[in-house]
Amino acid sequence: MRLPATFYGNIVDISRGETVTDEVLGSGNATQTFQEFTLAKSPLTFFADAKSPRGFRSTLTVRVNGIEWTEVASFFGVGPEERVYIVRPTEDEGEFKVVFGDGVRGQRPSSGVDNITATYRFGAGKDA
């Protein structure tokens, strides 16, 4: 190692927990508004993110028929064709629901059998 050396801290997100890959959340129903699906594992891991309007981001990726949808903070200002969802905590501590739009504020997921999947981390969140 050559001196002087420069070391940088806090440049990589690290979390304790496990990754769930392609968990089937359920079957879409294009006639139903604001469909909700509960993640099987909890708690969902979040990381600090200065670029996010909320100051944090989840580790969740949701796909409908293999197409990735975008997480948003709310359906306010979202159009009917936008493939978005929100994540909200349930009344049970640590559990989270994925909620899709109503066709006016956010697109409804298309009908299908086990066509909604999620990949995410769950556990203690960011290490100090």
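Is phenylalanine 34 buried, partly exposed or exposed? Hold that thought for a few minutes. We will come back to this ring when we reach the aromatic pairs.

Some background to start. What you have in front of you is a predicted model. The chain has 128 residues, and 38% of them count as buried. The secondary structure is quick to list: zero helices and 10 strands. Read along the sequence, that gives β-β-β-β-β-β-β-β-β-β.

Now the contacts. Take those between residues at least 6 apart in sequence. Of these, 67% join residues at least 24 apart. And the surface? The accessible surface comes to about 8100 Å². Carbon and sulfur atoms account for 51% of that.

Let's go to a sheet. Which strands form it, and in what order? Four strands make an open sheet, and the order is E2-E9-E8-E7. The pairing is mixed. At the edges sit E2 and E7, the latter being residues 70-71. Each of these two pairs on one side only.

Walk across it with me. Begin at E2, residues 36-38. E2 and E9 pair in the antiparallel sense, over three bridges. Here phenylalanine 37 stands opposite valine 98 of E9.

Next step: E9 to E8. Strand E8 covers residues 84-89. Five bridges join E8 to E9, and the two run antiparallel. Look for arginine 88, which stands opposite lysine 97 in E9. E8 and E9 also form a hairpin, with six residues between the strands. In that hairpin, glycine 94 takes a positive phi near 90°.

Last step: E8 to E7. Two bridges join these strands, and they run parallel. Glutamate 71 stands opposite tyrosine 85 in E8.

Stay with E9 for a moment. How many of its residues are buried? The strand spans residues 96-100, and five of its five residues are buried. Both faces are covered. On one side you find Phe96, Val98 and Phe100. On the other you find Lys97 and Val99. Yes, that includes a lysine: Lys97 is buried too.

Now the aromatic rings. A pair of aromatic rings is described by the distance of the centres and the angle of the planes. A search of the whole structure finds five such pairs. I will show two.

Pair one is phenylalanine 34 with phenylalanine 75. The ring centres are 5.8 Å apart and the planes are at 50°, so this pair is tilted. Where do the two residues lie? Phenylalanine 34 is in the loop between E1 and E2, and phenylalanine 75 is in the loop between E7 and E8. The pair therefore ties together parts that are 41 residues apart in sequence.

Back to my opening question. Phenylalanine 34 has 32% relative accessibility, so it counts as partly exposed. Its partner, phenylalanine 75, is at 9%, so that residue counts as buried.

Pair two is phenylalanine 37 with phenylalanine 100. This one is edge-to-face: 6.0 Å centre to centre, with 75° between the planes. Phenylalanine 37 lies in strand E2 and phenylalanine 100 in strand E9, so the pair ties together parts that are 63 residues apart in sequence. Phenylalanine 37 is at 9% relative accessibility and counts as buried. Phenylalanine 100 is buried as well, with a relative accessible area of 0%.

These two rings have company. Phe37, Trp69, Tyr85 and Phe100 form one aromatic cluster. You have met Tyr85 already: it is the tyrosine opposite glutamate 71.

A few backbone details before I stop. Find serine 42 and proline 43. A cis peptide bond joins them, with omega at about -5°. Proline 43 sits in the loop between E2 and strand E3, residues 46-48.

Then there are two aspartates with positive phi. Aspartate 22 has a phi near 55°, although this residue is not a glycine. Its place is in strand E1, residues 15-26. Its relative accessibility is 45%, so aspartate 22 counts as partly exposed.

Aspartate 114 has a positive phi of about 50°, and again the residue is not a glycine. Look for it in the loop between E9 and strand E10, which is 116-126. Aspartate 114 is at 45% relative accessibility, so it counts as partly exposed.

That is the tour. Questions, please.

Technical notes: Residues numbered from 1 in each chain as written. Predicted model: local features only at pLDDT ≥ 70, side-chain atom pairs only at ≥ 80, totals over all residues. Heavy atoms only, no water. Buried < 20%, exposed > 50% of the residue type's maximum accessible area, 1.4 Å probe, protein only. Pairing = 2+ DSSP bridges. Contact = heavy atoms within 4.5 Å. Areas by Shrake-Rupley, 256 points an atom, 1.4 Å probe, with all protein chains shown as cover. Phe/Tyr/Trp six-rings, centres within 6.5 Å; stacked < 30°, edge-to-face > 60°.
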